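Hi,

Here is the structure I said I would pass on to you. Have a look at it first, and then read on for what turned up when I went through it.

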Amino acid sequence: MYIARVPNRKSRPAILLGESYREGGKVCTRTIANLTNWAPERIVAMERLVSVAVKTRR
């Protein structure tokens, strides 16, 4: 899992919670949730949570 910031032309960037997986040998990505409308504090907390989850998974 990861959080991606996708730039938009004249509006603020989209903040997406995503996941990578393999399908038939190819790497695919899936958007799980759009976090754009979340408060900045909640986004920071989610980033910490995702980074801890990735570290403990390895």
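**A loop residue to start with**

T36 sits in the loop that lies between β3 and α1. Before you scroll on: is T36 buried or exposed? With a relative accessible area of 14%, T36 is buried, since that value falls under the 20% cut-off for buried residues. One thing to keep in mind throughout is that this is a predicted model, so everything here is computed from it.

What does T36 touch, then, once its neighbours within four places in sequence are left aside? The answer is R12, P13, A14 and I15. With I15 there is also a polar link: a polar atom of the T36 side chain lies 3.0 Å from the backbone nitrogen of I15. The side chain of T36 has a polar contact with the side chain of N34 as well, at 2.6 Å.

**N34, on the strand**

N34 belongs to strand β3. Here the accessibility goes the other way: N34 has a relative accessible area of 51% and is exposed, because the cut-off for exposed is over 50%. Not counting residues up to four places away in sequence, N34 touches I15 and L16. If you want a distance to check in your viewer, try the C-alpha atoms of N34 and V6: they are 11 Å apart, with the two positions 28 residues apart along the chain.

**The sheet**

Now to the strands. Three of them make up an open sheet, ordered β1-β2-β3, with antiparallel pairing. Why is one side of β1 and of β3 left without a neighbour in the sheet? Both β1 (2–6) and β3 (26–34) stand at the edges and have a single partner strand each, so one side of each stays free of a neighbour there. On average, and ignoring direction, neighbouring strands are turned by 45° against each other.

As for how the strands are joined, β1 and β2 are linked by five bridges. Along that pair, Y2 is opposite G18 of β2, and A4 is opposite L16, also in β2. Between β2 and β3 there are eight bridges. Among the pairings here, S20 faces T29 in β3, while R22 has V27 of β3 as its bridge partner. The hairpin of β2 and β3 has two residues between the strands, and in it G24 takes a positive phi near 65°.

**The core**

Which residues form the largest nonpolar core? There are seven: I3, I15, L17, L35, I43, M46 and V50. At least two residues of this core come from each of β2 (14–23) and α1 (40–57), and α1 contributes the most, with three. A good place to zoom in is I43, which touches I3, R5, I15, L35 and W38 when residues up to four places away in sequence are not counted. You will recognise I15 from above: this core residue is also in contact with T36 and with N34.

**How confident the prediction is**

The mean pLDDT of the protein chain is 91, and 95% of its residues reach 70 or more. Among the elements, β3 has the highest mean, at 95, and α1 the lowest, at 85. That makes α1 both the element with the lowest mean pLDDT and the one that gives the most residues to the core.

Happy to go through any of this with you.

Best wishes

Note on methods. Residues are numbered from 1 along each chain as its sequence is written. This is a predicted model: local features need pLDDT of at least 70, side-chain atom pairs count only at pLDDT 80 or more; totals for chains, interfaces and linings use all residues. Side-chain values use heavy atoms; hydrogens and water are left out. A nonpolar core is a set of buried Ala, Val, Leu, Ile, Met, Phe, Trp, Tyr and Cys residues joined through side-chain atoms within 4.5 Å. Buried means under 20% relative accessible area, exposed over 50%, partly exposed in between (1.4 Å probe, protein chains only). Helices (H or I, at least four residues) and strands (E, at least two) are DSSP runs, numbered from the N terminus. Contact means heavy atoms within 4.5 Å. Two strands pair if DSSP finds at least two bridges between them. Axes are lines fitted to C-alpha atoms, for helices over the stretch in contact, and angles run from 0 to 180 degrees between N-to-C directions. A polar contact is a pair of N or O atoms within 3.5 Å; within protein, one must be able to donate a hydrogen and the other to accept it, and residues adjacent in sequence count only if both atoms are side-chain atoms. pLDDT is the predictor's confidence in each residue, from 0 to 100.
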